[in-house]
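Please find below my notes on the model you sent round. They are meant to be read with the structure open.

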Amino acid sequence: FSDNRTRKDFIMNQEKIGKFISECRKEQGLTQSALAEKLGITDRAVSKWETGKSLPDSSIMIELCDLLSISVNDLLKGERIMKEEYSKISDDLVISFKKQTEEQAKMLLRLESILLITITTTFIAVVIVGSYVITFDKIIGSILLLIGTILLFTVAFVGIWIEQKAGYYECAECGHRYKPTYFATLMAIHFGRTRRLRCPECGKISYNKKVISADRD
């Protein structure tokens, strides 16, 4: 942001947002219990918001704002925003959420790499030990090899799920960025994080690379 406020200062100031919710609730003549009942939650949840211990879930945020006669931008800012400020605030919120989403995608992909490296190392170790043990105890050796194989496939499936959820794939033909289904990702021929997929936009099959953002650079 231009005034060097961090995302935490701008959006996640839970104490400020909590006080604002409390003020707006009282302005509407609602008790915590009455507000909670209208939202289908417990009054304890409302209390946690107002004391800054938690934030409203996104699934009820719009309904909450309607009940309090405020906008979502007002809620996230923790104060009523002047009309002339709406455009800048909205842009800042979009940018902030976009950065958060991209950071989460990067973290997931790093987790995938760590999982694959760890499980590959573990699998190799189990195979070596199992191959040695099986020479004098076939049952134990076979069990070790089976465990290693199951572990490898399990983590591989989890790794593909992480890759599918994190970020997007960019069509090599038209540049469209999209999220394929898990099954399509699983079945696609790949080299690293580049997979041979059918683009839902142009319908062409090509090797699509993994990207973090939905927007083209």
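The points go from the whole chain to the helices and then to the sheet.

1. Status of the model. This is a predicted model. The mean pLDDT of the chain is 82, and 85% of the residues reach 70 or more. Residues 1-11 have a pLDDT below 50, although in the model this stretch makes 24 contacts beyond near neighbours in sequence. Where pLDDT is low, the predicted coordinates should not be read in detail.

2. Overall make-up. The chain has 9 helices and 5 strands. Read from the N terminus, the order of elements is α-α-α-α-α-α-α-α-β-β-α-β-β-β. Of its 217 residues, 32% count as buried. The exposed surface of the chain is about 13400 Å², and 60% of it comes from carbon and sulfur atoms. Among contacts with a separation of 6 or more, 55% are between residues 24 or more positions apart.

3. Helix α4. Which residues of α4, residues 43-50, are buried? They are Val 46, Trp 49 and Glu 50. These residues lie on the same side of α4, because the arc they cover around the axis is only 90 degrees. Their cover includes α2 (14-27), α3 (32-39) and α5 (58-68). After α4 comes Gly 52, with a positive phi near 80 degrees.

4. Glu 50. This residue of helix α4 deserves its own point. Glu 50 counts as buried because its relative accessibility is 12%, and the cut-off for buried is under 20%. The side chain of Glu 50 makes a polar contact of 2.5 Å with that of Arg 25. With neighbours within four places in sequence left aside, the residues in contact with Glu 50 are Gly 18, Lys 19, Ile 21, Ser 22, Arg 25 and Gln 32.

5. Helix α5. The buried residues here are Ile 60, Met 61, Leu 64, Cys 65 and Leu 68. They sit on the same side of α5, because they cover an arc of only 150 degrees around the axis. Exposed residues Ser 59, Ile 62 and Asp 66 are carried on the face turned away from the buried side. The elements covering the buried residues of α5 include α2, α3, α4 and α6.

6. The end of α5. Ser 69 follows this helix and belongs to the loop between α5 and α6 (72-77). Its phi is positive, about 60 degrees, although Ser 69 is not a glycine.

7. Ala 125. Is this residue buried, exposed or partly exposed? Ala 125 has a relative accessible area of 37% and is therefore partly exposed, since the class runs between 20% and 50%. Ala 125 lies in helix α7, residues 86-133. Its C-alpha atom is 8.8 Å from that of Gly 148, which is 23 residues away along the chain.

8. The sheet. The 5 strands make an open sheet with antiparallel pairing, in the order β2-β1-β5-β4-β3. At the edges are β2 (177-178) and β3 (190-191), each of which pairs on one side only.

9. The β3-β4 hairpin. Strands β3 and β4 run antiparallel and are joined by 2 bridges. Phe 191 has Thr 194 in β4 as its bridge partner. The hairpin has 2 residues between its strands, and Gly 192 in the turn takes a positive phi of about 65 degrees.

10. The β4-β5 hairpin. Strand β4 (residues 194-198) pairs with strand β5 (residues 205-211) in the antiparallel sense, over 4 bridges. Leu 197 is opposite Ser 206 in β5, and Arg 196 is opposite Tyr 207 in β5. Between the strands of this hairpin there are 6 residues, and Gly 203 has a positive phi near 80 degrees.

11. The two faces of β4. Where do the side chains of this strand point? They alternate: Arg 195 and Leu 197 are buried and point to one face, whereas Thr 194, Arg 196 and Arg 198 point to the other and are not buried. Leu 197, on the buried face, is the residue that stands opposite Ser 206. Arg 196, which is not buried, stands opposite Tyr 207.

Definitions and conventions
Residues are numbered from 1 along each chain as its sequence is written. Side-chain values use heavy atoms; hydrogens and water are left out. Buried means under 20% relative accessible area, exposed over 50%, partly exposed in between (1.4 Å probe, protein chains only). Contact means heavy atoms within 4.5 Å. Accessible areas come from the Shrake-Rupley method with a 1.4 Å probe; for residues, only the protein chains shown count as cover. The arc is that of the directions from the helix axis to the C-beta atoms. pLDDT is the predictor's confidence in each residue, from 0 to 100. Two strands pair if DSSP finds at least two bridges between them. A polar contact is a pair of N or O atoms within 3.5 Å; within protein, one must be able to donate a hydrogen and the other to accept it, and residues adjacent in sequence count only if both atoms are side-chain atoms.
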